[in-house]
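Open the model in your viewer and keep the selection box handy. We will go from the whole chain down to single side chains, one stop at a time.

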Amino acid sequence: MLTTIIYRSHLRDDVPVNILPDMVARASLLNARHKVTGILLFNGTHFFQILEGPEEGVQHIYERICSDSRHHNVVELMRDYSPSRRFGNHGMELFDLRQHEAASVLQAVLDRGTSRYRLTYDDRGLQFLRTFVEAREKENYFEVLPADYWDFVPGNDAPPAASGVSFRPVVDPLGREVTAIEAIPEILPGGVTGEERYHHNLTVVIEALRIAGGTCPDGMTLYVSILPMTLVSVPDAIGKLVKEIESAGLLPEQIILGVSETEVISSLDAFSVAVRQLKQAGISLSIDNFGDGSAGLSLLAYVQPDRIRVGASIVRNIHQSGPKQAVVQAVIRCCSALEIKVIVAGIERPEEWMWLEAAGVIDFQGRLFTPESAVVAWPEIREAI
Ligand SMILES: Cc1cc2nc3c(=O)[nH]c(=O)nc-3n(C[C@H](O)[C@H](O)[C@H](O)COP(=O)(O)O)c2cc1C
């Protein structure tokens, strides 16, 4: 299948530009061997490359390019499939943008086109190319330091311990602060179905709040997940929650109830009424696993939560994926306009965290900071050896 991969990257500061002609000559031969064609642009700092060819060949070459230490911050911008090549004659051709006017480079690149149809900017690949040549989008190039720039050093912040509930902190890694604690009820026997499921869920949440009240530090923000329809289906669910919050010695303002975006909200109207009651009681709402479900950004308009928690799958390796970056940036921008706090869960790699910090996220959860749920490990700049 004819595949296109487009990426951008950053020449390493210690690599001289004069290596490029040799590199391109060698790459051209390798590309020809794999029937891969394409073009490479260089603006003095960043590369932009379109690779086209059979899926296997393009993937093989791209993997080599990703592990090439002469450049870093390789971000895949597009991976697409097409009936024909745009640049069929060129194993690899380099355009050095410093030697051309933007308009003449665009024309020169289009002139290399070999597609049966004249190349036009209706084509997504060429739109990416034009954006790069015109140096738009540069403010969205969040470049991250190498992973080994940081050590993650366990501090003194051990999560509370109790039977029946495990606790997972939400952390602000640069501020070295635990900003909230999530109480996760240990899984209870299943087999509960229908409406009973919601009664059972409320019992579990109430029990988690009772245990958290006895174990968590005073005034700490507490996060508990609940099924959205529990708030609708169980008569006076919110009244029961408020009563339990008070008898556990907690304040409603400390509590955030998280509903997963992947849970079906079968009646959005009834759910919105329940959310209003929650807020009237002083309890905050978070939409969790944001980005994993189907509701998407429109849910933010119907249910204006206090927070969202972005799910792990959309941020996994975000530093390498242009499409993920675009989606998460849109979510961050939208939440910023609505003054909704964004938390990102499931962080495993330093580069994921660094990219998200650069994009404006402050609060995180994930194995990077709480390996095996033990004490919080804070980032510290690694001493040069
Ligand atoms: C910006 C950039 C673009 C590259 N483009 C290609 C390419 O299109 N084809 C290719 O075979 N190698 C390309 N390379 C070089 C590869 O990373 C790699 O060095 C090359 O495939 C030779 O592999 P080897 O060093 O394992 O022999 C590129 C390197 C850089 C830094």
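**The whole chain**

Start with everything shown: of the 385 residues of the chain, 48% count as buried. Keep in mind as you look around that this is a predicted model. Along its principal axes, the C-alpha trace spans about 75 × 50 × 35 Å. Switch to a cartoon and you can look for 12 helices and 15 strands. If you draw contacts between residues at least 6 apart in sequence, 72% of them join residues at least 24 apart.

**Two domains and the contact between them**

Next, give residues 2–140 one colour and residues 147–381 another; these are domain 1 and domain 2. The C-alpha centres of the two domains lie 41 Å apart. Where they touch, 6 residues come from domain 1 and 7 residues from domain 2.

How much area do domain 1 and domain 2 bury between them? The figure is about 450 Å², with 35% of it on carbon and sulfur atoms. Select Val-75, Glu-76 and Asn-140 to see where domain 1 makes its main contribution: together they supply 69% of the area that domain 1 buries against domain 2, more than any other three residues.

Turn to specific interactions across this boundary. The count of salt bridges between the two domains is 0, while 2 residue pairs, both at pLDDT 80 or more, are in polar contact. Now highlight strand S4, residues 71–81: with 4 residues, S4 gives the largest share of the side of domain 1 that touches domain 2. Coloured by type, the residues on that side divide into 3 nonpolar, 1 polar and 2 charged.

**Helix H12 and Glu-351**

Select residues 350–358 for helix H12, where Glu-351 is found. Is H12 mostly covered or mostly open? Mostly covered: 8 of its 9 residues are buried. Show side chains for Pro-350, Glu-351, Glu-352, Trp-353, Met-354, Trp-355, Leu-356 and Glu-357, which are the buried ones.

To see what surrounds them, add the elements that the buried residues of H12 pack against:

- the helices H10 (312–315) and H11 (322–337)
- the strands S6 (150–154), S13 (341–344), S14 (363–364) and S15 (377–381)

Now centre on Glu-351. With a relative accessible area of 13%, Glu-351 falls under the 20% cut-off and so counts as buried. Leaving aside residues up to four places away in sequence, Glu-351 touches Val-144, Leu-145, Ala-147 and His-319. Glu-351 also forms a salt bridge with Arg-349, and a distance label between their closest N and O atoms should read 3.2 Å. Unlike its buried partner, Arg-349 is partly exposed, at 30% relative accessible area.

Before leaving, step along to Gly-360, which follows H12 and has a positive phi, near 110 degrees.

**Salt bridges elsewhere**

Zoom out again: the chain has 20 salt bridges in total. Pick Arg-168 and Glu-182 for the next stop, a salt bridge whose closest N and O atoms are 3.0 Å apart. Arg-168 sits in strand S7 (residues 165–172) and Glu-182 in strand S8 (residues 177–185), so this pair ties together parts that are 14 residues apart in sequence. Compare the surroundings of the two: Arg-168 is partly exposed, with a relative accessible area of 33%, whereas Glu-182 is buried at 3%.

Add Asp-288 and Arg-309 to the selection. Which residues do shared salt-bridge partners join into one network? Arg-168, Glu-182, Asp-288 and Arg-309.

Another pair to try is Arg-70 with Asp-68, whose side chains meet in a salt bridge at 2.7 Å, N to O. Arg-70 counts as partly exposed, at 32% relative accessibility.

**Two backbone stops**

Finish with a look at backbone torsions. Most residues other than glycine have a negative phi.

Select Ala-135, in the loop between helix H4 (124–133) and S6. The phi of Ala-135 is positive, near 55 degrees, and this residue is partly exposed at 42% relative accessible area.

Then jump to Asn-289, found in strand S11 (residues 284–290). Asn-289 also has a positive phi, near 50 degrees, and is partly exposed, with a relative accessible area of 30%.

Technical notes. Residues numbered from 1 in each chain as written. Predicted model: local features only at pLDDT ≥ 70, side-chain atom pairs only at ≥ 80, totals over all residues. Heavy atoms only, no water. Domains from an automatic or database assignment. Contact = heavy atoms within 4.5 Å. Buried area = accessible area lost by both parts, 1.4 Å probe. Salt bridge = Lys/Arg side-chain N within 4 Å of Asp/Glu carboxyl O. Polar contact = N/O pair within 3.5 Å; in protein donor to acceptor, adjacent residues only side chain to side chain. Helix = DSSP H or I, 4+ residues; strand = E, 2+ residues; numbered from the N terminus. Nonpolar A, V, L, I, M, F, W, Y, C, P; charged D, E, K, R; others polar. Buried < 20%, exposed > 50% of the residue type's maximum accessible area, 1.4 Å probe, protein only.
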